[in-house]
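Here's a quick tour for anyone new to reading protein structures. Have the picture open while you go through the points below.

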Amino acid sequence: MFAYAFTFLAALAVTFILTPAVKNFAVQIGAVDKPDARKVHHGLVPRLGGLAIYAGFMVSVILTVGFTYEMTGIMIGATCLVFVGIADDIVSLPAKVKLLGQILSAAVLVIFFDVNIDWIDLPYVGIIEFPLFISIPLTIFWIIGFINTVNLIDGLDGLAAGIATIASIAIALLAFQMGQWVSAAAMVAMTGACLGFLQYNFNPAKIFMGDTGSLALGGAIAALGILTHTEILLAVIGIVFVAEALSVIIQVI
């Protein structure tokens, strides 16, 4: 249990300490969210808060889990998504460019590090196995879908980070029960990083995670859900994410 405690505290401390520095950096480069009629804040609020979450997660995972095969892939994928998010937070990338970045990040993880949905266990049905030509596109679609559900919900102070914390705790407990140390420790690190950031993100938020945080957060949680084979449970645990995504789809239609 000491290892889990260290993992949590390392992520919490790094994120909590770095967030003010990230806030100042975002202001200096003009990565700020401007108020308008659709937003609840009234002044300029820095974005890029996801950099602190990313740093806390990465430092904690490297110190405790190390560079295992699957975690290396998840860290590389999260890093790619962070760069896409930074660019979007600064210059507002076109939707197609942002989606292409998400696809490439997910493809690297799936193709080169074998983080695939090879099978799912459905209640009353049993285990359904997928051949590779279905598994790869299905996994990429799942990761991109979850990335964007987290991105969509990041509209109110503390909402995305709060729901991500709950999902991370749930998956960590499931992974612990299944004896999956790597996945459990990674989700504990994610929990610590989100909680460290939430201290600055509660209403009224002093900083937003921005796409820098929501893209990487969604991608990492989706990938770790695949490693623990809790994809179906993740959709239930993150029901607010799913509801938000369905709401947007229905509204667009």
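Let's start with a word we'll need a lot: a residue is called buried when its relative accessible area is under 20%. Ser135 comes in at 0%, so this residue counts as buried. Keep in mind that what you're looking at is a predicted model. With that in hand, let's go through the salt bridges, two buried residues, a helix, the core and a hairpin.

**Salt bridges**

- How many salt bridges does the structure hold? There are 3 of them.
- One of them joins the side chains of Asp33 and Arg47, with N and O 3.4 Å apart. Asp33 belongs to strand β1 (residues 32-33), while Arg47 is in the loop between β2 (45-46) and α2 (50-64), so you can think of this pair as linking distant parts of the chain, 14 residues apart. Both Asp33 and Arg47 are buried.
- Another joins Asp88 and Lys98, whose closest N and O atoms are 3.4 Å apart. Here Asp88 sits in helix α3 (residues 69-91) and Lys98 in helix α4 (residues 95-113), with their positions 10 residues apart in the count.
- Lys98 also meets Asp211 in a salt bridge, at 2.9 Å from N to O. Asp211 is in helix α8 (residues 210-227) and Lys98 is in α4, so this pair ties together parts that are 113 residues apart in sequence.
- Put those together and you get a network of salt bridges linking Asp88, Lys98 and Asp211.
- Are the members of this network buried or exposed? Asp88 has 10% relative accessibility, so it counts as buried. Lys98 is buried too, at 16%, and so is Asp211.
- Leaving aside neighbours within four places in sequence, Asp88 is in contact with Arg47, Leu93, Lys98 and Asp211.
- Asp88 and Ala31 are 57 residues apart in sequence, yet their C-alpha atoms are 9.4 Å apart in space.

**Ser135 and helix α5**

- Ser135 is found in helix α5 (residues 132-153).
- What does the side chain of Ser135 reach? The backbone oxygen of Ile117, at 3.1 Å.
- Skipping neighbours within four places in sequence, the contacts of Ser135 are Asn116, Ile117, Asp118 and Phe130.
- Trp119 is 16 residues from Ser135 in sequence, and the two C-alpha atoms are 8.2 Å apart.
- You can check the length of α5 yourself: at 1.5 Å a residue, its 22 residues should span 32 Å, and the end C-alpha atoms are 32 Å apart, which agrees.
- Ser135 has plenty of company, as the buried residues of α5 also include Trp142, Ile143, Phe146 and Asn151.
- Which helices do the buried residues of α5 pack against? They pack against α3, α4, α6 (159-177), α8, α9 (231-237) and α10 (239-252).

**Thr212 in helix α8**

- Thr212 is located in helix α8, and its relative accessible area is 0%, so Thr212 is buried.
- A polar atom of the Thr212 side chain lies 3.4 Å from the backbone oxygen of Gly85.
- Not counting residues up to four places away in sequence, Thr212 touches Leu48, Gly50, Leu51, Val82, Gly85, Ile86 and Asp89.

**The nonpolar core**

- In soluble globular proteins, nonpolar side chains tend to be buried together.
- The largest nonpolar core in this model has 68 residues, and those with the most contacts inside it are Phe57, Met71, Ile143, Leu217 and Ile221.
- Helices that each supply at least two residues of this core include α1 (2-29), α2 and α3. Which helix gives the most? That's α7, with 12 residues.
- Want to look around Ile221? Leaving aside neighbours within four places in sequence, Ile221 is in contact with Phe146, Ala164, Ser168, Ile171, Met187, Met190 and Leu234.

**The hairpin**

- Strand β3 (residues 119-122) and strand β4 (residues 126-129) pair in the antiparallel sense, over 4 bridges.
- Trp119 has Glu129 in β4 as its bridge partner.
- The two strands form a hairpin with 3 residues between them, and Tyr124 in the turn has a positive phi of about 70°.

Key
Residues are numbered from 1 along each chain as its sequence is written. This is a predicted model: local features need pLDDT of at least 70, side-chain atom pairs count only at pLDDT 80 or more; totals for chains, interfaces and linings use all residues. Side-chain values use heavy atoms; hydrogens and water are left out. A salt bridge is a side-chain nitrogen of Lys or Arg within 4 Å of a carboxyl oxygen of Asp or Glu. Buried means under 20% relative accessible area, exposed over 50%, partly exposed in between (1.4 Å probe, protein chains only). Contact means heavy atoms within 4.5 Å. A polar contact is a pair of N or O atoms within 3.5 Å; within protein, one must be able to donate a hydrogen and the other to accept it, and residues adjacent in sequence count only if both atoms are side-chain atoms. The expected span of a helix is 1.5 Å times one less than its number of residues. A nonpolar core is a set of buried Ala, Val, Leu, Ile, Met, Phe, Trp, Tyr and Cys residues joined through side-chain atoms within 4.5 Å. Two strands pair if DSSP finds at least two bridges between them.
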